[in-house]
Amino acid sequence: MSPRSASVNEELRRRSRERLLQAAVELVGEHGYEATTLGDIADRAGSARGLVSYYFPGKRQLVQSAVHRLMHRTLEEALEREPRTEDGRERLARAIDAILGLARDRPVLMRQHMAGLLQAEGFVQCPEQRRLAELLSDTVARYGAQNVSADYPMLRALLMGAVFAALVPGVPMPVPVLRAELFQRYGLDWEMGVPPEGDAELGAGLDDLSRFFATEEPPGTP
C-alpha cells in the first residue's frame, strides 16, 4: 500500500480537529463545562485521548474554539440564507438574531462560554474567533459604520451584554425584549431578520450540529 500524500494527511488532521470541536460543543451543551472531560470529548470524537493536546493546549481553549466555531458558522448561515441580501440593515438584524438565538436555544453551552471569557485567558486567539470577528466587522461595515474599528467592538460588547442578560440564572431577560432594545439602538425594523414568531421554522434540525463541522473522510481514504 502506497503511503498517503501530504495533502491527504493534512485533510485527515483537519477532519480530526473538526470532530473534536463538534464533540466539545455537544458534550458541554449536554452536561456543562465542569462535568465534561477531555477524555469524554476524545471518546465522543472517536479520537485518541493524547491527540487532543496536539491541537489544543487545554480544555478551556478547546471549548472556546468550539463555541466560536458554532457562533461564526451560525452567523455565516444567517447572513447567507435565502433570500440573500446586501442590505446592511437587514444583515445586521440577521446577525443580532443569530447570536441571540444561540443564547435562547443553547443556554447551557452559551452560559459556560460566557463564564469562560471571564477567566484569565479571556478571548482565545484561534481561527474560529478570528472568523467570527471578521464576520461581525464586515456586518458593521455594510451597515454603514463610519468607524468600523470603534463600532465593531461596541456591537460585540452589546451582543455579549445581551447574551449575558438572557442567561443570568434567576433573573434572565426575555430575548424579545433584548432584541427590541438592540433593534431600536441601530434603527432596525422589527420585521427584519428573524422576528420571534418566525423562530420555529428556522429552528428545525436544532440538535444536528454536523452541518457546522466538516467531519466526513476525504474520498479515497482507507
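## Glu128 and its partner

Glu128 counts as buried, at 2% relative accessibility. In this predicted model, the side chain of Glu128 meets that of Arg69 in a salt bridge, with an N to O distance of 3.2 Å. Glu128 belongs to helix 7 (residues 127-143) and Arg69 to helix 4, so this pair ties together parts of the chain that are 59 residues apart in sequence.

## Arg69 and the salt-bridge network

Arg69 is itself buried, with a relative accessible area of 9%. The side chain of Arg69 also meets that of Glu18 in a salt bridge, at 2.8 Å from N to O. This contact links distant parts of the chain, since Arg69 lies in helix 4 (residues 59-80) and Glu18 in helix 1 (residues 6-31), 51 residues apart. Glu18 counts as buried because its relative accessibility is 4%, which falls under the 20% limit.

Which residues are linked with Arg69 in a network of salt bridges? The network consists of Arg17, Glu18, Arg69 and Glu128. Side chains of opposite charge can pair when their charged atoms come close.

## A partly exposed pair

A further salt bridge joins Glu30 and Arg44, whose closest N and O atoms are 3.1 Å apart. Here too the pair links distant parts of the chain: Glu30 is in helix 1 and Arg44 in helix 2 (residues 38-45), with their positions 14 residues apart in sequence.

Are the two partners buried or partly exposed? Glu30 is partly exposed, with a relative accessible area of 46%, and Arg44 likewise counts as partly exposed, at 39% relative accessibility. Both values lie between the 20% and 50% limits, so neither residue is classed as buried or as exposed. Across the whole structure, a search finds 17 salt bridges, among them the pairs Glu128 with Arg69, Arg69 with Glu18 and Glu30 with Arg44.

## The nonpolar core

The largest nonpolar core holds 59 residues. Within this core, Leu20, Leu62, Leu75, Ile96 and Leu188 touch the most other members. In soluble globular proteins, nonpolar side chains tend to be buried together.

What does Leu75 touch, when residues up to four places away in sequence are not counted? The contacts of Leu75 are with Ala95, Ala98, Leu132, Leu135 and Leu136.

Notes
Residues are numbered from 1 along each chain as its sequence is written. This is a predicted model: local features need pLDDT of at least 70, side-chain atom pairs count only at pLDDT 80 or more; totals for chains, interfaces and linings use all residues. Side-chain values use heavy atoms; hydrogens and water are left out. A salt bridge is a side-chain nitrogen of Lys or Arg within 4 Å of a carboxyl oxygen of Asp or Glu. Helices (H or I, at least four residues) and strands (E, at least two) are DSSP runs, numbered from the N terminus. Buried means under 20% relative accessible area, exposed over 50%, partly exposed in between (1.4 Å probe, protein chains only). A nonpolar core is a set of buried Ala, Val, Leu, Ile, Met, Phe, Trp, Tyr and Cys residues joined through side-chain atoms within 4.5 Å. Contact means heavy atoms within 4.5 Å.
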